[in-house]
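Ready to practise reading a protein model? Keep the sequence beside you and try each task before you read its solution.

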Amino acid sequence: MAAPLLEKLSESLGSPEPAVRLLLSILIGYPFALVYRHFFFYQPATVVHLFHTFSGLALAAFNFGPQIYHSAICILVQFLMLRLMGRTVTTVLSSLSFQMVYLLAGYYCTATEEYDIKWTMPHCVLTLKLVGLSFDYYDGRKEPSSQQPTAALSSVPSLLEVFGFSYFYGGFLVGPQFTLRSYQRLVAGELTDCPGKPPNSVVPAMKRFALGFLCLVIFAIFSPYYPDSYYLTDEYDAQPFWYRCVFILLWAKVILYKYVSCWVIAEGVCILAGLGYNGVVDGKHQWDACANMKVWLFETTPLFGGTISSFNINTNAWAARHVFKRLKFLGNKTLSHVTTLLFLTIWHGLHSGYLICFSMEFFIITVERQAQALVKDSPMLTKLASGVFYPLVYVVQQFIHWLFMGYSLVPFCLFSYDKWLKVYSSIYFCGHIFFLVAFLIMPYLRKALVPRKERSQQKQD
């Protein structure tokens, strides 16, 4: 009965059935959160874990059918590692190896030339959860540091607890990432602005839902005009150079709303359940513990770094905490940064487009930081960037920002070598050339625009 209804709904919406199933599953998280608040908030931990486990399993089965066994296997193996191997480096390395190999094997066995919604999509979220769990358990061997104040685990969790944490309906399908310690506090009723009572989080949750729904509407309206497939048509090749570039800019802006909408709506589910509670700041209760998007920053920043810091926040925070900071022994921030981006590249999948995208991110951020330092150290550029010409500078920055943001996203979304190379060739690799030239001339611009006094002070620093 459900299948014909979903088929008709997907036809009326003009969306693939798996996408409709995914969206409905994210939305179903809201009634699940209400059920938790009204019927399970005061229940023992075991009952809460069971509710979260079976509700998440129901959503997984609705989307992926019998393929839910993949997640169950990985959760069970992860629990056995923690229980049998203890707080050792071997446990962490075994967890990282097993979970990543399983994920990559899934990518390999299910790979196609298109982006498909299949069991590997939530499994990549689960992989980070389970690997992070092994790190947090290992960190519990010592007193919490300033970097690990709340995530470290003092004891091995129960199997049911790990299942509840993994299948929690607010984060199983598309994220966000959160720690087992946060989940434990949720189950214990600690994540609330009213001690001993369900949190007053309905209004904050509905605000995020409304914002996410708005982003979804924008994507639904404009995405048919900017399909990925247009890049591979003769019509795109026949367009003038400026049109091809502007199309990339507008396409990038529209395509990202697909991710923004899902993450913001899912964040609303976490807020409604209480997982989004983040304490009190300046006398106001905060609900951003599970925020995966800073939408205002995302919309207004003219900087690539600003977009990165506003997008997929919890995954970036996970990578910073569990990869970047743990590579401190390398003694080189650049090497740690490159290694972290390489990990994220592999985690996303086996397509060459991911490698090109993240390598472009590193190159762009490197050049942008040099440009920011140049503007800061040059009185003339500082005056230009902050004076009456700032509106014009802002518009130019935004154009460059979104043009080359789209340029980097092309291989990420087209995946395979032959597709993204065709697009890059049609626009003459303008992004690579632009940032390579900027990188090469930056030292000469610094000599010309930065006073000697500033340059000498910088060398001393």
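Below are six exercises, each with a worked solution.

This is a predicted model, in which local features need pLDDT of at least 70 and side-chain atom pairs count only at pLDDT 80 or more, while totals for chains, interfaces and linings use all residues. Residues are numbered from 1 along each chain as its sequence is written, and side-chain values use heavy atoms, leaving out hydrogens and water.

**Exercise 1. Two helices side by side**

Work out how helix H9 and helix H11 are oriented to each other.

Step 1: Find the helices. Helices (H or I, at least four residues) and strands (E, at least two) are DSSP runs, numbered from the N terminus. H9 covers residues 202–222 and H11 covers residues 241–273.

Step 2: Look at the axes, which are lines fitted to C-alpha atoms, for helices over the stretch in contact, with angles from 0 to 180 degrees between N-to-C directions. The axes of H9 and H11 come within 8 Å and cross at roughly 160°.

Step 3: Classify the angle. Under 35 degrees counts as roughly parallel, over 145 as roughly antiparallel, 65 to 115 as roughly perpendicular and the rest as oblique. H9 and H11 are therefore roughly antiparallel to each other.

Step 4: Sort the residues of this contact. Ala, Val, Leu, Ile, Met, Phe, Trp, Tyr, Cys and Pro count as nonpolar, Asp, Glu, Lys and Arg as charged, and the others, Gly among them, as polar. The contact of H9 with H11 has 19 nonpolar, three polar and three charged residues.

**Exercise 2. A charged residue in H9**

Decide whether Arg208 is buried or exposed, and list what it touches.

Step 1: Place the residue: Arg208 belongs to helix H9.

Step 2: Apply the cut-offs. Buried means under 20% relative accessible area, exposed over 50%, and partly exposed in between (1.4 Å probe, protein chains only). With a relative accessibility of 18%, Arg208 counts as buried.

Step 3: List the contacts (heavy atoms within 4.5 Å). Setting aside neighbours within four places in sequence, Arg208 contacts Val264, Glu267, Gly268, Ile271, Met293 and Val295.

**Exercise 3. The largest nonpolar core**

How many residues does the largest nonpolar core have, and which helix gives the largest share?

Step 1: Recall the term: a nonpolar core is a set of buried Ala, Val, Leu, Ile, Met, Phe, Trp, Tyr and Cys residues joined through side-chain atoms within 4.5 Å.

Step 2: Read the size. The largest core has 125 residues, and those with the most contacts inside it are Tyr36, Phe168, Tyr169, Tyr231, Trp251 and Val410. The largest share of this core, 22 residues, comes from H11.

Step 3: Zoom in on Trp251. Not counting residues up to four places away in sequence, Trp251 touches Tyr226, Pro227, Asp228, Tyr231, Gly406, Leu409, Val410 and Cys413.

**Exercise 4. A second pair of helices**

Repeat the angle test for helix H16 and helix H20.

Step 1: H16 (residues 352–377) packs with H20 (residues 430–449) at an angle of about 30°, and their axes are 10 Å apart.

Step 2: That makes H16 roughly parallel to H20.

Step 3: The residues of the contact of H16 with H20 divide into 13 nonpolar, four polar and two charged.

**Exercise 5. Backbone surprises**

Compare Asp282 and Phe415: which is buried and which is exposed?

Step 1: Asp282 lies in the loop between strand E1 (280–281) and strand E2 (284–285), and has a positive phi of about 55° although it is not a glycine.

Step 2: Phe415 is found in the loop between helix H18 (390–414) and helix H19 (417–426). Phe415 is not a glycine either, yet its phi is positive, about 70°.

Step 3: Asp282 is exposed, with a relative accessible area of 78%, whereas Phe415 is buried, at 4%.

**Exercise 6. Around helix H15**

Find what Phe343 and His337 touch.

Step 1: Phe343 lies in helix H15 and is buried, with a relative accessible area of 15%. Beyond its neighbours within four places in sequence, Phe343 is in contact with Leu96, Met100, Leu128, Trp318 and Val323.

Step 2: His337 also lies in helix H15 and, at 18% relative accessibility, counts as buried. Apart from neighbours within four places in sequence, His337 contacts Phe324, Phe362 and Arg369.
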